Amino acid sequence: MPDRPDDAVGPTEWVTGVGPAVGVGPWLEECEGPLPGDPRYDRTLLAEGDRRNVVDAYRYWTREAIVADLDTRRHEFHIAIENWGHDANIGTVVRTANAFLAAEVHIVGRRRWNRRGAMVTDRYQHLRHHSTVADLMEWARAEHLTVVAVDNTPGAAALERTELPRRCVLVFGQEGPGVSDETQDSADLTVSIAQFGSTRSINAGVAAGIVMHAWIAQHADLDQAW
């Protein structure tokens, strides 16, 4: 079960009174001309303003219209994160996956996760749950996706020297234990992120952002970025 109702406001969807208001006010105060008749626009947002955490191109659009537009441009990589102990990084991973327009985010293990870190971006990002690693692998094989585990284990290929598959699932483990043995054994490839300091690992949410950006740098059409 989710940690909050699907229609609850998120931390970037209200005016706090501290600093300038997020977003834009009512259409007739912000824009010249009459109210648009395009069905993508939300009549309530046009009348009251749009304080959501969305890019300007989507101001006043309905949530459904935004998701439909994103679906025409989503990238070919998926993200999976193991959630055996309520990993607090999942919200951050979802938010980053939304920023880089991942095809889908897969939660493996416990269905419930803390959505606060997602900053309501989970409303615009497709999510799928798999109860076991085997379920994820079966789905990935059926979709003809290469499974890429991300962990700094012996024998892992250096991310910085590796061409990531265009159609793939990038799998991240929990904070601490990392990717499970079952996932590593099932993966087609394991990559590690180059580190130079004293710590043996980096935060799982940070690692996910680094690897997603590596995929973007290799495969995305940068002219389509906001």
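Biologist: How many residues does helix α7 have, and how far does the helix reach from its first C-alpha to its last?

Modeller: Keep in mind that this is a predicted model. Helix α7 covers residues 204–219, which is 16 residues. At 1.5 Å a residue, the expected span is 22 Å, and the helix comes close to that value with a reach of 23 Å.

Biologist: Which elements help to cover the buried residues of α7?

Modeller: Let's start with what is buried: among the buried residues of α7 are Ala204, Val211, Met212, Trp215 and His219. The cover over the buried residues of α7 includes β1 (77–83), α4 (90–99), β4 (146–150) and β6 (168–172).

Biologist: Which residue caps the N-terminal end of α7?

Modeller: Look in the loop between β7 (189–192) and α7, where Asn203 has its place. A side-chain oxygen there lies 2.7 Å from the backbone nitrogen of Gly205. The residue that caps this end of the helix is Asn203.

Biologist: Is Asn203 buried or exposed, or partly exposed?

Modeller: Buried would need a relative accessible area under 20%, and exposed one over 50%. Asn203 has 31%, so the right word is partly exposed.

Biologist: What is the length of the polar contact that joins the side chains of Asn203 and Asn89?

Modeller: Leaving out residues up to four places away in sequence, Asn203 touches Asn89 and Glu175. With Asn89 there is a polar contact between the side chains, and its length is 2.9 Å.

Biologist: Why can we call β6 largely enclosed by the rest of the structure?

Modeller: Try each face of the strand in turn. On one side sit Cys168, Leu170 and Phe172, on the other Val169 and Val171, and all are buried. β6 is largely enclosed because the buried residues number five of the five.

Biologist: Which residue stands opposite Leu170 in β6?

Modeller: β6 has a parallel pairing with β1 over five bridges, and there Ile81 stands opposite Phe172. β6 also pairs with β4 in the parallel sense, again over five bridges. In β4 (146–150), the residue opposite Leu170 is Val148.

Biologist: The structure holds five aromatic pairs. What word describes the pair of Tyr58 and Trp61?

Modeller: A pair of aromatic rings is described by the distance of the centres and the angle of the planes. For Tyr58 and Trp61 the centres are 5.1 Å apart and the planes stand at 55°. Planes under 30 degrees apart would be stacked and over 60 edge-to-face, so this pair is tilted.

Biologist: How many residues apart are Phe77 and Trp215?

Modeller: These two residues form another tilted aromatic pair, with 4.8 Å from centre to centre and 50° between the planes. Both Phe77 and Trp215 are buried. Phe77 belongs to strand β1 and Trp215 to helix α7, so the pair links distant parts of the chain, and the separation is 138 residues.

Biologist: What value is phi of Tyr60 near?

Modeller: Most residues other than glycine have a negative phi, and most peptide bonds are trans. Tyr60 lies in the loop between α2 (43–48) and α3 (63–71), and it forms one aromatic cluster with Trp27 and Tyr41. Tyr60 is not a glycine, yet its phi is positive, near 75°.

Biologist: Which residue forms a salt bridge with Glu104?

Modeller: Side chains of opposite charge can pair when their charged atoms come close. Here the distance from N to O is 3.3 Å. Glu104 lies in strand β2 and its partner in strand β3, so the bridge ties together parts that are 24 residues apart in sequence. Glu104 is buried at 11% relative accessible area, while its partner, partly exposed at 34%, is Arg128.

Biologist: Which residues are joined into one network by salt bridges that share partners?

Modeller: The whole structure holds 10 salt bridges. One of them pairs Arg52 with Asp50, with the closest N and O atoms 2.8 Å apart, and both residues are buried. The network formed through shared partners is made of Asp50, Arg52, Asp56 and Arg59.

Terms used
Residues numbered from 1 in each chain as written. Predicted model: local features only at pLDDT ≥ 70, side-chain atom pairs only at ≥ 80, totals over all residues. Heavy atoms only, no water. Helix = DSSP H or I, 4+ residues; strand = E, 2+ residues; numbered from the N terminus. Expected span 1.5 Å × (residues − 1). Buried < 20%, exposed > 50% of the residue type's maximum accessible area, 1.4 Å probe, protein only. Contact = heavy atoms within 4.5 Å. Polar contact = N/O pair within 3.5 Å; in protein donor to acceptor, adjacent residues only side chain to side chain. Pairing = 2+ DSSP bridges. Phe/Tyr/Trp six-rings, centres within 6.5 Å; stacked < 30°, edge-to-face > 60°. Salt bridge = Lys/Arg side-chain N within 4 Å of Asp/Glu carboxyl O.
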